[in-house]
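Visitor: I'd like a close look at one residue and the strand around it. Could you start there and then work outward through the rest of the fold?

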Amino acid sequence: MFHRSLAVVIAAALIWAGPALAQMVLSEIMFNPAGNERYDEFVELYNFSAVDTIELEGWLLSDSSGFGRILAAPGGGSRLAPRSYGLILVPGYFSNSTLYASRIPAGALLLTIDKAQFGSSGLNNSRPERAS
């Protein structure tokens, strides 16, 4: 419930902030997955633009304790089409988990990061963190 509330707050803040901001939002953050904590955390992005494709390669993702550089997932790209979702998974997901295999929509862009975990040691389950 918390991660959905966080996503709504982030989306509302970006929408009401005005047109000068990018049209990319963190739409969902899975910080306490039902599966393996090490491999099944994820961050979902949404491109609100009706016309702009956004290149995500090299963007930084932070959870207040460390940064990860966004990369294309194995065999994929890094350009998020207008009004589309992207899913950032840790690199170990692709060889160690299948938890989301049947849940990821066919059109979603799969991405990863250049670190083994989000932040310095995964997303925190017991205290609030800032994600950006």
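**From one leucine outward**

Guide: Let's start with Leu-110, which lies in strand S8. A quick word on what you're looking at: this is a predicted model, where local features need pLDDT of at least 70 and side-chain atom pairs count only at pLDDT 80 or more, while totals for chains, interfaces and linings use all residues. Residues are numbered from 1 along each chain as its sequence is written, and side-chain values use heavy atoms, with hydrogens and water left out. Helices and strands are DSSP runs numbered from the N terminus (H or I for at least four residues, E for at least two).

So how covered is our leucine? Leu-110 counts as partly exposed because its relative accessibility is 28%; the scheme calls a residue buried under 20% relative accessible area, exposed over 50% and partly exposed in between, using a 1.4 Å probe and protein chains only. Skipping residues up to four places away in sequence, Leu-110 touches Ala-72, Ala-73, Gly-77, Leu-87, Leu-89, Phe-94 and Ile-104, where contact means heavy atoms within 4.5 Å. Take Ala-72: 38 residues separate it from Leu-110 in sequence, yet the C-alpha atoms are 7.0 Å apart.

The strand pairing is worth tracing here. S5 and S8 run antiparallel over 3 bridges, and a pair needs at least two DSSP bridges to count. Within it, Leu-71 stands opposite Thr-112 in S8. S5 has an antiparallel link to strand S4 (residues 60-62) as well, through 3 bridges, with Leu-60 facing Arg-69. The S4-S5 hairpin has 4 residues between its strands, and Ser-64 there takes a positive phi near 80°.

Now slide along to Ser-78, in the loop between strand S5 (67-72) and strand S6 (79-80). Ser-78 counts as buried because its relative accessible area is 10%. Its side chain makes a polar contact of 2.5 Å with the side chain of Glu-55. (A polar contact is a pair of N or O atoms within 3.5 Å; within protein, one must be able to donate a hydrogen and the other to accept it, and residues adjacent in sequence count only if both atoms are side-chain atoms.) Leaving out neighbours within four places in sequence, the contacts of Ser-78 include Ala-72, Leu-56, Leu-109 and Leu-111.

Leu-56 takes us into the nonpolar interior. Beyond four places in sequence, Leu-56 is in contact with Met-24, Leu-45, Ile-70, Ser-78, Leu-80, Leu-109 and Leu-111. The largest nonpolar core has 15 residues, and those with the most contacts inside it include Leu-56, Leu-111, Val-43 and Phe-118. Strands S1 (24-30), S2 (42-47) and S8 (109-113) each supply at least two residues of this core, and the largest share, 3 residues, comes from S8. Apart from it lies another core of 6 residues, among them Met-30, Phe-42, Tyr-93 and Tyr-100. A core here is a set of buried Ala, Val, Leu, Ile, Met, Phe, Trp, Tyr and Cys residues joined through side-chain atoms within 4.5 Å. In soluble globular proteins, nonpolar side chains tend to be buried together.

On to S1, where 7 of its 7 residues are buried. S1 and S2 are antiparallel, joined by 6 bridges, and Ile-29 stands opposite Val-43. Met-30 is part of S1 too, and counts as buried because its relative accessibility is 16%. Met-30 and Glu-44 are 14 residues apart in sequence, with 8.4 Å between their C-alpha atoms.

For a contrast, try Arg-83, in the loop between S6 and strand S7 (85-89). Arg-83 counts as exposed because its relative accessible area is 53%, and it has a positive phi of about 50° although it is not a glycine.

Stepping back, the protein has 2 helices and 8 strands, in the order α-β-β-β-β-β-β-β-α-β from the N terminus. Of its 132 residues, 42% are buried. Among contacts with a separation of 6 or more, 65% link residues 24 or more positions apart.

Last, confidence: pLDDT (the predictor's confidence in each residue, from 0 to 100) averages 79, with 73% of the residues scoring at least 70. Among the elements, helix H1 (residues 2-16) has the lowest mean, 47, and S6 the highest, 96. Over residues 4-20 the pLDDT is below 50, and that stretch has 11 contacts in the model beyond near neighbours in sequence.
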